[in-house]
Amino acid sequence: MTTMAVRTRVPHRLVLVRNFVDARIKWVRDPYLDTAVEREKNLKEILSLKNQIFSSPSKSLPLSSLSPLKSHFNLPTSASKLFHKYPSIFSQFQPSPSIPLHVKLAPQAVALNKEELAIHTSPSHRNDTVNRLAKLLMLTKTGRLPLHIVDKFKFDLGLTSNYITFLLSDYPEYFHVCEYKDPCDGKETLFLELVSWRDELAISEMEKRASFYGQVKLKKGLPLRFSMKFPNGFDLEKKVKDWVETWQDLPYISPYENAFHLGPKSDQAEKWTVAVLHELLWLLVSKKTEGKNVYSLGEYLGFENRFEKAVKHFPGIFYMSNKIRTQTVVLKEAYRKDFLMEKHPLMGMRFRYIHLMNKSDKFRKGDGVRLFRRKRKVMRYADEGEVMKEGSKSLEENKDSNVSSSSEFYDGSDDENFKTKVIVI
């Protein structure tokens with residue numbers, strides 16, 4: 001077995017002094033990034049069900065077989081209710097009177113799935129995915145991660161559900177799956193391991209950007225500065241601003257280097273922690289992921305709760321959204337308002353699935369429901385011998401049109417500000 005070279009340890013020559021800052025950093029809601037997160041409500045779950053159905057030889061499954069998958073796919077409701085809610089994605093049918101209800105993909109979803117599969121099988125996409133997965137493993141000290149942690153990022157990395165057989169088996173020079181004791185619980189578990197260190201991939205997005213724009217000649221220890229974007233209404237105290245400026249001028253340590261020997265409470269260690277988290281989010285196709293994924297990886301890598309502190313201490317770099325029943329960590333510089341600036345081909349496909357989902361929702365909540373009510377009202381008037389003019393509206397329709405839909409876009413939990421003290425020693 002080939003042994004992978006571990007990350008290079010950074011020389012212990014960096015300034016470890018931490019200045020004192022006593023300030024509360026208030027969480028300020030960013031409506032644009034909340035919209036970017038909320039736009040994908042139910043998307044991951046819908047695509048999981050779609051893949052489950054399409055993996056069947058008949059491209060359909062009995063409705064009863066999908067009902068137990070609610071917890072497996074973390075569905076917000078039962079599978080049957082989701083099928084009913086999204087008729088543009090799923091189609092229910094009965095093969096014969098003696099056979100129970102089945103579900104298959106609607107024609108438009110079948111067409112999108114075909115295009116998505118073409119992306120997954122294209123050589124350029126496969127190479128890009130392999131490189132990003134390799135870089136994720138290179139962020140670790142040992143070049144390997146338990147498969148259950150890799151699986152947490154499967155959707156965000158753009159991996160297929162069967163990525164080990166579909167993709168990784170074709171790249172034996174990059175990866176192998178082996179069994180080790182999990183350092184967290186001591187149990188034998190399966191790991192995804194990088195066969196050998198790849199110097200050509202050990203360049204972070206920050207370093208690549210600085211070199212590309214000709215700002216600097218790439219070398220270690222340069223004071224690369226992180227992009228910071230603050231929402232309206234956010235203001236830092238002057239002493240905090242001064243501290244951030246000093247912190248930005250500290251040497252940038254590559255996330256592909258090992259700097260765990262630095263004092264964990266030092267400014268330099270904190271900048272390295274931010275560099276690792278920044279690179280992690282940049283490797284993801286949507287530049288965001290659930291907070292629990294980030295913190296789980298951070299604990300495994302040995303950062304303990306330093307990822308969580310970095311998210312709270314640097315609201316100009318990261319944003320924590322409380323939308324869609326979870327917390328999502330977003331890399332702010334990757335977005336202009338609610339738009340992802342660098343769209344991965346898979347994200348383009350996902351936006352088309354979202355459009356199809358919204359099309360279903362619009363019919364169900366809007367025109368389809370009102371048309372049904374209107375027909376029912378016209379029929380009742382006809383039974384009573386009255387005529388309803390074409391342009392008139394029933395009382396029920398007027399009431400419907402006056403109901404505010406803001407509740408669909410508001411989550412009371414978003415109003416809870418989390419505050420933290422930045423105590424620099």
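**A walk from loop to pocket**

Start by selecting Asn 74, which sits in the loop between α3 (63-66) and α4 (79-85). (Helices here are DSSP runs of H or I with at least four residues, strands are runs of E with at least two, and both are numbered from the N terminus.) What is the phi of Asn 74? It is near 55°, a positive value in a residue other than glycine. Most residues other than glycine have a negative phi.

Before you move on: this is a predicted model, where local features need pLDDT of at least 70 and side-chain atom pairs count only at pLDDT 80 or more, while totals for chains, interfaces and linings use all residues. Residues are numbered from 1 along each chain as its sequence is written, and side-chain values use heavy atoms, with hydrogens and water left out.

**Next: Lys 287 and the sheet**

Jump to Lys 287, in the loop between α12 and β8. Lys 287 isn't a glycine either, yet its phi is positive, about 60°. Is Lys 287 buried or exposed? Its relative accessible area is 6%, so Lys 287 is buried (buried is under 20% relative accessible area, exposed is over 50% and partly exposed lies in between, with a 1.4 Å probe and protein chains only).

Now light up β8, β10 and β9. These 3 strands make an open sheet in the order β8-β10-β9, with antiparallel pairing. (Two strands pair if DSSP finds at least two bridges between them.) β8 (288-290) and β9 (318-321) are the edge strands, each with a single partner, so one side of each has no neighbour in the sheet. Neighbouring strands are turned by 20° against each other on average, direction ignored. Zoom in on β8 and β10 (residues 328-331), which pair over 3 bridges. If you pick Lys 288, you'll find its bridge partner in β10 is Val 330.

Add helix α12 (residues 267-282): it packs on the sheet and touches β8, β9 and β10 (contact means heavy atoms within 4.5 Å). Its direction makes about 95° with that of β10, using lines fitted to C-alpha atoms, for helices over the stretch in contact, with angles from 0 to 180 degrees between N-to-C directions.

**Then: the largest pocket**

Select Lys 44, Leu 47, Ser 48, Asn 51 and Phe 155. Of the 47 residues lining the largest pocket, these lie closest to its centre. (On a 1 Å grid over the protein atoms alone, a pocket is an open set of points with protein on both sides within 12 Å along at least five of seven lines; lining residues have an atom within 4 Å of a point.) Which helix gives the largest share of the lining? That's α2, with 9 residues. Other elements supplying at least two residues each include α5 (107-121), α13 (291-301), α15 (345-365) and our old friend β8.

Stay on α2 (residues 43-54), a helix of 12 residues. Its buried residues include Leu 43, Ile 46, Leu 49 and Ile 53, and Leu 47 and Ser 48 from the pocket are buried too.

**Last stop: a hairpin**

Finally, select β6 (residues 175-181) and β7 (residues 188-194), an antiparallel pair with 7 bridges. Val 177 has Leu 192 in β7 as its bridge partner. The two strands form a hairpin with 6 residues between them, and in the turn Gly 186 has a positive phi of about 75°.

Definitions and conventions. The expected span of a helix is 1.5 Å times one less than its number of residues. On a 1 Å grid over the protein atoms alone, a cavity is a set of points where a 1.4 Å probe fits but cannot get out, and a pocket is an open set with protein on both sides within 12 Å along at least five of seven lines; lining residues have an atom within 4 Å of a point.
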